[in-house]
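Good morning, and thank you for the opportunity to present. I would ask you to keep the sequence and the structure in view while I speak.

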Amino acid sequence: MGQTGGSAKPKVAVIITEYRYNSHAEVIVGRLFGQLGYKPRIEVASLYLDQFPDNDMSREEAARAGIPICGTIKEAIVEANRHGQGLAGVLIIGEHGQYPMVPNGQKDYPRRRFVEETLNALDEIGVRVPIFSDKHLSWHMDDALWIYRSLKARGIPFLGGSSIPLVPLAPAVHEASLQKPQELLAVSFGGTEDYGFHAWDALQSLAERRSGGETGVTSIRVIQGEQVWEEMDRGEWPEQLMHLALATHPDRRVGHPRTRVNGPVLMTARYADGLTGYVLQLPNEVEQWSVAWRTFASEEYAVRFESDLARPFNHFETLTARIEDMVLSGQSPVPIERTLLTTGMIHYSMESLHHNATIQTPALHIQY
């Protein structure tokens, strides 16, 4: 019997770019299929795949579960709505796959198209259900704003953004210190856009806790290479916060990163209320994200986001559980405004790097 037969679990449609080993789709949807030691509370009723690489897993997994791979997003949503109590949610995993790069170095994932076709299908069948969309809303801010406004207009619960802000912090965060921070610095690694987004989202999950809430970002500036160390030597960004953030890593390497890191990248965000945020990408220096901050009283703190370094990637178990929580409760654990803001922060970071200029960001005057 197929997975949808006779089960009382809420049914979801899943929209995916590609499903292969260790892809975001495999470590999220695989858990909903009961793999990786996970006990799901919701059930996949249909799939839509945009691409089928040579190492595709979707056909085998769908056959094992007894569910269809539909030819369109609309068909997947209609199919999932036929079962039991009807459609309970839509999961969009627009990560990985062969898509073109835009001039600023971002990947043109079809996230706007996926959301738009999903909303059109929900409108047509007269259903409003929670939507999850993996990572940032879109590579382009205009599309991100369209998605945000379309979801808000319909009152649809939404979970997006990075999995990293959902994991435990080590040590536990000193909440009072985040009331009035003066500057925060995240240490990151990996690709500038994909891992840089995780860093901005992790940093923002702390920055938004300050007294008075979020006020938005007024400008973004990005530098790279030797210029990063030159500006450090001139005291133009807080070297001490870098050392504090790195000190939270149990496998901290001895010596200064400048002696071994090739191609560092520094992203700087100026907030409307005077806060400054930095993302320092140090390729091959660390494998987790950490954030250090300094208060106006010159107190300094740092935490590490405890994501897993190897399969089964338990931070995706946490993310999957939060997705299920939203589908079951109708309440998202993450404000959509954060995802909109950090979507813009990585977009304008890539624009700044591409144009070698400070970018003014009126579209990021986002308050929440």
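I shall discuss a sheet, a hairpin, a helix and the nonpolar cores, in that order. Please note at the outset that this is a predicted model.

Let us begin with the parallel sheet. As general background, the strands of a sheet pair through backbone hydrogen bonds, in either a parallel or an antiparallel sense. Here, six strands form an open sheet with parallel pairing, and their order is β3-β2-β1-β4-β5-β6. Which strands stand at the edges? They are β3, residues 69-70, and β6, residues 158-159. Each has a single partner strand, so one side of each is left without a neighbour in the sheet. At the β6 edge, the partner is β5, residues 131-133, and two bridges join these parallel strands. One residue to locate here is Ile131, whose bridge partner in β6 is Phe158. The sheet also has a helix lying across part of it: α3, residues 73-81, lies across β1, β2, β3 and β4. Relative to β2, residues 43-49, helix α3 runs at about 165 degrees.

I turn next to strand β12, residues 289-295, where the pairing is antiparallel. Strand β8, residues 181-188, pairs with β12 in the antiparallel sense over six bridges, and in this pairing Val187 stands opposite Ser290. Strand β13, residues 300-305, is also an antiparallel partner of β12, again over six bridges. There, Trp293 of β12 stands opposite Tyr301. β12 and β13 form a hairpin with four residues between them, and in the turn Ser298 has a positive phi of about 65 degrees.

How many of the seven residues of β12 are buried? The count is seven of seven. Trp289, Val291, Trp293 and Thr295 point one way from the strand, while Ser290, Ala292 and Arg294 point the other way. Both sets are buried.

Our next element is helix α10, residues 336-355. This helix has 20 residues and reaches 29 Å from its first C-alpha to its last, close to the expected 28 Å. Of its 20 residues, 16 are buried, so α10 is largely enclosed by the rest of the structure. Just after the helix, Asn356 takes a positive phi of about 55 degrees.

Within α10, I would draw your attention to Thr343. Is this residue buried or exposed? Thr343 is buried, because its relative accessible area is 0%, and the limit for that term is under 20%. Beyond its neighbours within four places in sequence, Thr343 is in contact with His136, Leu137, Ser138, Ala144 and Phe197. Its side chain reaches the backbone nitrogen of Leu137 at 2.9 Å. Thr343 and Leu364 are 21 residues apart in sequence, and their C-alpha atoms are 9.5 Å apart in space.

Finally, we come to the nonpolar cores. The largest has 86 residues, and those touching the most other members are Ile131, Leu184, Leu206, Trp237, Met242, Phe305 and Met345. Helix α6, residues 194-207, gives the most to this core, with seven residues. A second, separate core has 30 residues, including Tyr19, Phe132, Phe313 and Val327. Returning to Met345, its contacts outside its neighbours within four places in sequence include Trp200, Gln204, Val217 and Leu364.

That concludes my presentation, and I thank you for your attention.

Methods. Residues are numbered from 1 along each chain as its sequence is written. This is a predicted model: local features need pLDDT of at least 70, side-chain atom pairs count only at pLDDT 80 or more; totals for chains, interfaces and linings use all residues. Side-chain values use heavy atoms; hydrogens and water are left out. Two strands pair if DSSP finds at least two bridges between them. Contact means heavy atoms within 4.5 Å. Axes are lines fitted to C-alpha atoms, for helices over the stretch in contact, and angles run from 0 to 180 degrees between N-to-C directions. Buried means under 20% relative accessible area, exposed over 50%, partly exposed in between (1.4 Å probe, protein chains only). A polar contact is a pair of N or O atoms within 3.5 Å; within protein, one must be able to donate a hydrogen and the other to accept it, and residues adjacent in sequence count only if both atoms are side-chain atoms. The expected span of a helix is 1.5 Å times one less than its number of residues. A nonpolar core is a set of buried Ala, Val, Leu, Ile, Met, Phe, Trp, Tyr and Cys residues joined through side-chain atoms within 4.5 Å.
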